[in-house]
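Work through the exercises below with the model open beside you. Each task is followed by a solution in steps.

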Amino acid sequence: MTTPQTPPKPPADLPASTLTIARPDDWHLHVRDGAAMAAVLPYTARQFSRAIIMPNLRPPVTSAAQAMAYRDRIVAAVPAGVDFTPLMTLYLTDKLAPDEIQRAAAAGVVAAKLYPAGATTNSDAGVTDVRNIYPALEAMQRAGLKLLVHGEVTDPAVDIFDREAVFIERVMQPLRADFPELKVVFEHITTREAAQYVASAGAHTAATITAHHLLYNRNALFIGGMRPHYYCLPVLKRELHRQALLAAVASGSDRFFLGTDSAPHAAQLKEASVCGAGCFTALSALELYAEAFEAAGALDKFEAFASHHGADFYGLPRNSGTVTLDKQPYTLPDSVAMGEAPLKPLRGGETLAWRQRAAADLASAPGAQAGRKPSIDR
Ligand code: DOR
Ligand code: ZN
């Protein structure tokens, strides 16, 4: 006679083999425009339900009408049958009128971006002194528009590796004190100072963190020679800062959420004597984040970081549906087409540990039904 056997449970310390989470959002994304946008947008739409679309086009998106026209062009580029919503932003300039903020809020724009003039790609038209945008910030605070901040000073006397920490003292703290009700996202934080600041700044301050700042320190820029595809702004920092970012996400704090800052630049403009700042990660963003969370022993915090904290901070509903990642090594293409130009993804030609399951397979994913709990199978 045989007794029915229940299969032994695998021990919890076995490596995870699949990961199913609620559909995530990307709270910081560059998709450019025209043929470039048509080429890169499908990668994001495949992984994310919504994305905050950065306004640093040439010319920048400085009016409600421009934001709406840009939104329409993006929506037209979403592949058929894919559910993706762009969330639009305005680009703050010294002269942006408070009325325009009102119009933008009424049109559905959710945020405005503060680029210190000269801080990064297409920031020439940005803000020369934060006091110049106080009338706009007052209008934003009234209208409930979020302020998204590229947090680096542009003072050439400040070392490039210190520009984020100095920004906290010189700009962020005074701004926070003057606009206590404004919701502020400190974008793509890269330092221990910024992680500590955000963790202690109160419920109206949050931060996005990129996959590349979780995975790499500044050594990555120089392994075997200069590595232009690892160059972004704010630039990668020392290992102690990367560890602080990992600790921030592993803490499970709802002040930290996913923002890829995926920033496509044609390969010939990266591999040039002057290399544009930006890492293109949209091709495998979730896979890169999963790798970072797994290495930090924090996969159980991944779903909230990717799919809950950002929506909650923005006051938007969480997404329904799920995405599943399998532990299934696959090799990223070395380059993809961006219109006429080749575009090199971060880690192109290398093998990644995780792979997003194709949508057609999702019905069979563990927990794919409504009302599911996040699942990590081992
Ligand atoms: O690395 C970056 N690239 N940082 C930014 O702030 C802008 C972005 C871009 O637009 O290329
Ligand atoms: Zn950016």
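**Exercise 1. Sort the shell of ligand 1 by residue class.**

The model is a predicted one. How many residues around ligand 1 are nonpolar, polar and charged?

Step 1. List the shell: His 30, Asn 56, Thr 120, Thr 121, Asn 122, His 150, Cys 232, Leu 233, Asp 261, Ala 263, Ala 277 and Gly 278.
Step 2. Apply the classes, in which Cys, Leu and Ala count as nonpolar, Asp as charged, and Gly as polar.
Step 3. The shell then divides into four nonpolar, seven polar and one charged.

**Exercise 2. Follow the chain from β2 to β3.**

In which sense do β2 and β3 pair, and over how many bridges?

Step 1. Locate β2 at residues 26-29 and β3 at 50-53.
Step 2. The two strands pair in the parallel sense over two bridges.
Step 3. For a landmark, find Asp 26, which stands opposite Ala 51 in β3.
Step 4. Trace the connection: the chain leaves β2, passes through helix α1 (residues 34-47) and enters β3, a right-handed β-α-β crossover.

**Exercise 3. Place Thr 62 and decide its burial.**

Is Thr 62 buried or exposed?

Step 1. Thr 62 sits in the loop between β3 and α2 (64-77).
Step 2. The cut-off for a buried residue is 20 or more other C-beta atoms within 10 Å.
Step 3. Thr 62 has 21 C-beta neighbours inside 10 Å, so Thr 62 counts as buried.
Step 4. Leaving out residues up to four places away in sequence, Thr 62 touches Leu 90, Tyr 91, Thr 93 and Leu 96.
Step 5. Glu 100 is 38 residues from Thr 62 along the chain, and their C-alpha atoms are separated by 8.4 Å.

**Exercise 4. Find the cis peptide bonds at Pro 59 and Pro 234.**

Where do Pro 59 and Pro 234 lie?

Step 1. The bond from Arg 58 to Pro 59 is cis, with omega near -5°.
Step 2. Pro 59 belongs to the loop between β3 and α2.
Step 3. Leu 233 and Pro 234 are also joined by a cis peptide bond, with omega about -5°.
Step 4. Pro 234 is in the loop between α7 (211-215) and α8 (239-250).
Step 5. Leu 233 is also one of the residues around ligand 1.

**Exercise 5. Examine the positive phi angles of Arg 32 and His 188.**

Which loops hold Arg 32 and His 188?

Step 1. Arg 32, not a glycine, has a positive phi of about 60°.
Step 2. Arg 32 is in the loop between β2 and α1.
Step 3. Arg 32 is buried because 21 other C-beta atoms lie within 10 Å.
Step 4. Phi of His 188 is also positive, near 35°.
Step 5. His 188 is in the loop between β7 (184-186) and α6 (192-200).
Step 6. His 188 has 26 C-beta neighbours inside 10 Å and therefore counts as buried.

Technical notes: Residues numbered from 1 in each chain as written. Chains lettered and ligands numbered in written order. Predicted model: local features only at pLDDT ≥ 70, side-chain atom pairs only at ≥ 80, totals over all residues. Helix = DSSP H or I, 4+ residues; strand = E, 2+ residues; numbered from the N terminus. Buried ≥ 20, exposed ≤ 12 C-beta atoms within 10 Å, placed from the backbone. Contact = placed C-beta atoms within 7 Å. Near = placed C-beta within 6 Å. Pairing = 2+ DSSP bridges. Right-handed = clockwise from strand over helix to strand, strands pointing away.
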